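Please walk me through how the pieces of this fold are arranged. Begin with the strands, then turn to the helices.

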Amino acid sequence: MNPDLERLQSYPFQKLAALLEGVQPAPGRPLIPLYIGEPRHPTPEFIKQALIEHLSGLASYPPTLGPDALRVAIARWLERRYGLTAVDPDTQVIPVNGSREALFAIGQAVLDATRPGAAVVSQNPFYQIYEGAALLAGATPYYLNNLPVNGYAFDFEQLPEAVWRRAQLVYVCSPSNPTGYVMSLADWERLFALSDRYGFVIASDECYSEIYLDEAHPPLGSLEAAQKLGRAGYPRLIMFSSLSKRSNVPGMRSGFVAGDAQILKAFLLYRTYQGCAMSPPYCMASIAAWNDEAHVVENRRLYREKFTAALDILQPVLDAYLPGGGFYLWPETPVSDTEFTRRLYATQAVSVLPGSYLGREAHGTNPGAGRVRIALVSGTAECVESARRIRAFVETL
Ligand SMILES: Cc1ncc(COP(=O)(O)O)c(C=O)c1O
């Protein structure tokens, strides 16, 4: 067996199951699961319809690059959303089966473990796939802590020059899961400068880019930042996007990568062997989804409604804040995050995720410890009910 498999950590949800093992949720009312970032708003009918209409596509093998029409739809969406001048659908876009597989696969394509001390830098707390990608490619993960003292922004100075020199790949997530932090143009400028200096590839996870609360201020994207800073061709930059959260189709497994054409060329070669082409009916349903914005605006309205209602209830007792993007609350807990989670489950039948499970001990601290991640993914009534239960629980502490 590949010995690196032993280096993988158990997934946060497995750790949660172990934490709650043998604990009975408070009886008499339904359990409300808020621990997982699975969007639960209904899938728009027109997307389902497009899928059904193209079922005949099951009869053909799909090309790894997907059909031209899908890449064109994605390229035009990128231009509309980020004001990009010209995205080449042939060389700068590849459809992927959800951003998760691509975030893992990019590590396997980009990392060169034959170079001594291959390092992968990731934000902390983070989406665990980044770490698994590093470990299975034979690299060592290093962490940049995102802390409340500076509003969860990046402090690139945390890592010594020696690590940056060995860094081959850097994962960032903006809007961030779980903190909701959105990288500013200044953050990007700093990260691009480091990439120019040390030669690493930037994997920018933007799967929450369409979940934001202020219609007038969509989160800045990495390609947009690159264009604003005059970086033609997006050198060493790959963005990862997804329909899962934007269009409420987590089961469709549809997303894309876009950016540096040279890296995407190598990535396409890797993907040919990995065999991860998107099924033709899903390609057609994805085209329909990328071409429509009305359902995304409605999606955001629902999240706004839930955030407003939940924060009204929670803010008097917890330091919960409105995120720059994404659908998570990330409050500090008055007791340890694991104790909070266990007792909340036992007394109120609400499950949340301990923040320490999303972070790693680095620079003397686990920046997820003492916080919980609350995913506002259910319907408004259920989110309001869960906020009331969380408040009732906090008031007993
Ligand atoms: C930060 C982050 N990146 C990527 C993903 C993967 O999403 P998908 O594979 O559905 O695009 C998730 C899913 O929860 C996530 O939270």
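S242 stands opposite G255 of strand 8 in this predicted model. The two strands involved here are strand 7, residues 237-242, and strand 8, residues 255-259. They pair in the antiparallel sense, over five bridges. In general, strands of a sheet pair through backbone hydrogen bonds, either parallel or antiparallel.

Now widen the view. Seven strands form an open sheet with mixed pairing. Their order is 2-8-7-6-5-3-4. Strand 2 (93-96) and strand 4 (140-145) stand at the edges. Each has a single partner strand, so one side of each is left without a neighbour in the sheet. On average, neighbouring strands are turned by 20° against each other, direction ignored.

A helix covers part of this sheet's strands by contact. Helix 10, residues 261-274, packs on the sheet. It touches strand 2, strand 6 (201-205), strand 7 and strand 8. The direction of helix 10 makes about 35° with that of strand 2.

Next, a helix pair. How do helix 1 and helix 13 pack? Helix 1 spans residues 12-20 and helix 13 spans residues 337-348. Their axes lie 10 Å apart, at an angle of about 60°. Roughly perpendicular starts at 65 degrees, so helix 1 counts as oblique to helix 13. The crossing of helix 1 past helix 13 is right-handed.

Which residues make the contact? Helix 1 supplies L16, L19 and L20. Helix 13 supplies T338, T341, R342 and Y345. By class, the contact has four nonpolar, two polar and one charged residues.

Terms used
Residues are numbered from 1 along each chain as its sequence is written. This is a predicted model: local features need pLDDT of at least 70, side-chain atom pairs count only at pLDDT 80 or more; totals for chains, interfaces and linings use all residues. Side-chain values use heavy atoms; hydrogens and water are left out. Axes are lines fitted to C-alpha atoms, for helices over the stretch in contact, and angles run from 0 to 180 degrees between N-to-C directions. Helices (H or I, at least four residues) and strands (E, at least two) are DSSP runs, numbered from the N terminus. Angles under 35 degrees count as roughly parallel, over 145 as roughly antiparallel, 65 to 115 as roughly perpendicular and the rest as oblique. A crossing is left-handed if the near helix is turned anticlockwise from the far one by less than a right angle, and right-handed if clockwise. Contact means heavy atoms within 4.5 Å. Ala, Val, Leu, Ile, Met, Phe, Trp, Tyr, Cys and Pro count as nonpolar, Asp, Glu, Lys and Arg as charged, and the others, Gly among them, as polar. Two strands pair if DSSP finds at least two bridges between them.
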